[in-house]
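The exercises below ask you to work through the contacts, cores and charged pairs of a two-chain model. Try each task on the structure before reading its solution.

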Amino acid sequence: MMSDPRRERLDELLALQAMEGLSSDEVRELDQLLELFPHEDAEALELAAAALHLAMSPPLEALPESVAEKLYAAANRFTPRPTVPATKTTSSSQWLAWSGWVVAALLLIALVSTHWPRPTDSSAPPPSLAELRDQLKLRATEFVGQKNQVVATIVWSDQEQIGYMEVQGLPPLDPQAGTYQLWIVDGERPKGSPPVDGGVFRVNPDGTVLVPIRPPIQVKKAAAFAITRETDPGGVVVSQVKPEDYEVVLTKKS
Amino acid sequence: MIGTDSVLTRIAAGDPSAVPECISRYGSLVWSLARRFLGNTTDAEDAVQDVFIDLWKNAARYDPARASEPTYITMIARRRLIDRKRRAGRTVSAQPLPEETIGGGGHDSRLEIQDEAAKAAAVLNELREEERRVIQMAVYQGLTHEQIAATTGLPIGTVKTHIRRGLIRVRERLCVGEGGGQ
């Protein structure tokens, strides 16, 4: 088995695919070999390389606000369709082969759609964060807070698990010295539970910021929000800041 | 347990709230990969969007029994980034990263990624010194087989063998840890 040159060539191509990618000729060769070894997992070595990459990576660089804004706008335009669960994977070229049919189908849809009355102009620029916030405001709850010169408002939807926070008056921080972090108090969590991490953020030089809020875990019923100043530049899991030292606390707008 | 619910599985099931959650969990990871592979911020911005759209559209291809979600997302991102660099006619190589940070991802995903990275690091440490060195040059520094051979003085066949064997070993060990795989 180990001395089979086809087997060795298959492993070699899979390793090359994981590290450098393959030429079109190599992709064809790989597909032919995979047909000879139908039980081979075509992604196994790519997954190994990915795991190693994670192991060797330095601390993650946070997603810039401008990139996040574009991504969330793209997310808003994307509607997931329920599909069947994953099954055995094929090599990338097999995927490409049938994706050609998908592309053809999409082109057909695009062709039809160009001759169909359209309710909106798809070439219009994606909505800004402020526009998205204002749209959400119609179906969400508003929270407000003020402390000294800091004024903060949050529009939040428990239903959609999304919100937008706008702050004025927060002094910019030296990134090495710390960061601001948002916390969400979930009224449905047991008493004494720590608030949910709403993410870390930085403010503009003029002390303002408008950011989307996407908590990593579900917030069943947001009761309040708070902003803390954390000395760890990457934020913390549980804040040690005392409530009286919070930058601002936001409660439901009456 | 942190991050046990898969956003890709939820997207595949048609849950619209999982689409933006995928960004909040893995935006920093994909961005960091793109910056490392491409260096250029404009290229990285385009690439990040490509990666996420690919992930959303093909979410059903993720099988939690085969890999953790951070590893799978890293694999898809690496694949797209390698392809992007090949199409641009450039050698796949890692770039130095600036230290600037703006915004950030959720702690749950950060911890999940760290946990996954720690497991892979443990396996990496089990490899022979020479294998480990070659793997590090290939995966992290993005050097080609030829570049590694030139740097280390090893025959190119040995470089290929080290990479192949190292990857197979890592995959086998991680599969044991995950309780499945093939």
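The model is predicted, and the values in the solutions are computed from it.

**Exercise 1. Describe the polar contacts between chain B and chain A, and state which helices build the side of chain B that touches chain A.**

Step 1. Between chain B and chain A there are 11 residue pairs in polar contact, both residues being at pLDDT 80 or more.

Step 2. On the side of chain B that touches chain A, at least two residues each come from α1 (7–12), α2 (18–38), α3 (41–57), α4 (69–87), α5 (107–126), α6 (129–139) and α8 (156–178) of chain B.

Step 3. Of these, α2(B) gives the most, namely 15 residues.

Step 4. Sorted by character, the residues on this side of chain B comprise 41 nonpolar, 20 polar and 20 charged.

Step 5. Taken as a whole, 81 residues of chain B are in contact with 66 residues of chain A, and the area buried between the two chains is about 6800 Å², of which 65% is given by carbon and sulfur atoms.

**Exercise 2. Locate the largest nonpolar core and determine which elements supply it.**

Step 1. The largest nonpolar core has 46 residues, and those with the most contacts inside it are B:L8, B:I11, B:F52 and B:W56.

Step 2. Both chains take part, since at least two residues of this core are supplied by each of α3 (44–56) and α4 (65–77) of chain A and by each of α1, α2, α3 and α4 of chain B.

Step 3. The largest share comes from α2(B), with 12 residues.

Step 4. Taking B:W56 as an example, and leaving aside residues up to four places away in sequence, this residue touches A:L71, A:A74, A:A75 and A:F78 in chain A, as well as B:I11, B:V19, B:C22 and B:I23 in chain B.

Step 5. Apart from this core lies another, of 39 residues, which includes A:L14, A:A51, B:Y140 and B:L167.

**Exercise 3. For the salt bridge of B:E45 with A:K70, establish the distance and explain why the pair joins two chains.**

Step 1. The closest N and O atoms of B:E45 and A:K70 are 3.0 Å apart, which falls within the 4 Å cut-off for a salt bridge.

Step 2. Because B:E45 lies in helix α3 of chain B and A:K70 in helix α4 of chain A, the pair joins two chains.

Step 3. With a relative accessible area of 44%, A:K70 is partly exposed.

Step 4. Between chain B and chain A the count is 7 salt bridges, whereas the structure holds 28 over all chains.

**Exercise 4. Examine the salt bridges of A:K253 with A:E142 and of B:R10 with B:E21, and find how far apart in sequence the joined parts are.**

Step 1. The side chains of A:K253 and A:E142 meet in a salt bridge at 4.0 Å, N to O.

Step 2. A:K253 lies in the segment after β8 (248–252) of chain A and A:E142 in strand β1 (residues 141–147) of chain A, so this pair ties together parts 111 residues apart in sequence.

Step 3. A:E142 is partly exposed, its relative accessible area being 24%.

Step 4. In the salt bridge between B:R10 and B:E21, the closest N and O atoms are 3.1 Å apart.

Step 5. Since B:R10 lies in helix α1 of chain B and B:E21 in helix α2 of chain B, the parts tied together are 11 residues apart in sequence.

Step 6. B:R10 and B:E21 are both buried.

Methods: Residues are numbered from 1 along each chain as its sequence is written. Chains are lettered from A and ligands numbered from 1 in the order in which they are written. This is a predicted model: local features need pLDDT of at least 70, side-chain atom pairs count only at pLDDT 80 or more; totals for chains, interfaces and linings use all residues. Side-chain values use heavy atoms; hydrogens and water are left out. Contact means heavy atoms within 4.5 Å. Buried area is the accessible area (1.4 Å probe) that two parts lose on being put together, summed over both. A polar contact is a pair of N or O atoms within 3.5 Å; within protein, one must be able to donate a hydrogen and the other to accept it, and residues adjacent in sequence count only if both atoms are side-chain atoms. Helices (H or I, at least four residues) and strands (E, at least two) are DSSP runs, numbered from the N terminus. Ala, Val, Leu, Ile, Met, Phe, Trp, Tyr, Cys and Pro count as nonpolar, Asp, Glu, Lys and Arg as charged, and the others, Gly among them, as polar. A nonpolar core is a set of buried Ala, Val, Leu, Ile, Met, Phe, Trp, Tyr and Cys residues joined through side-chain atoms within 4.5 Å. Buried means under 20% relative accessible area, exposed over 50%, partly exposed in between (1.4 Å probe, protein chains only).
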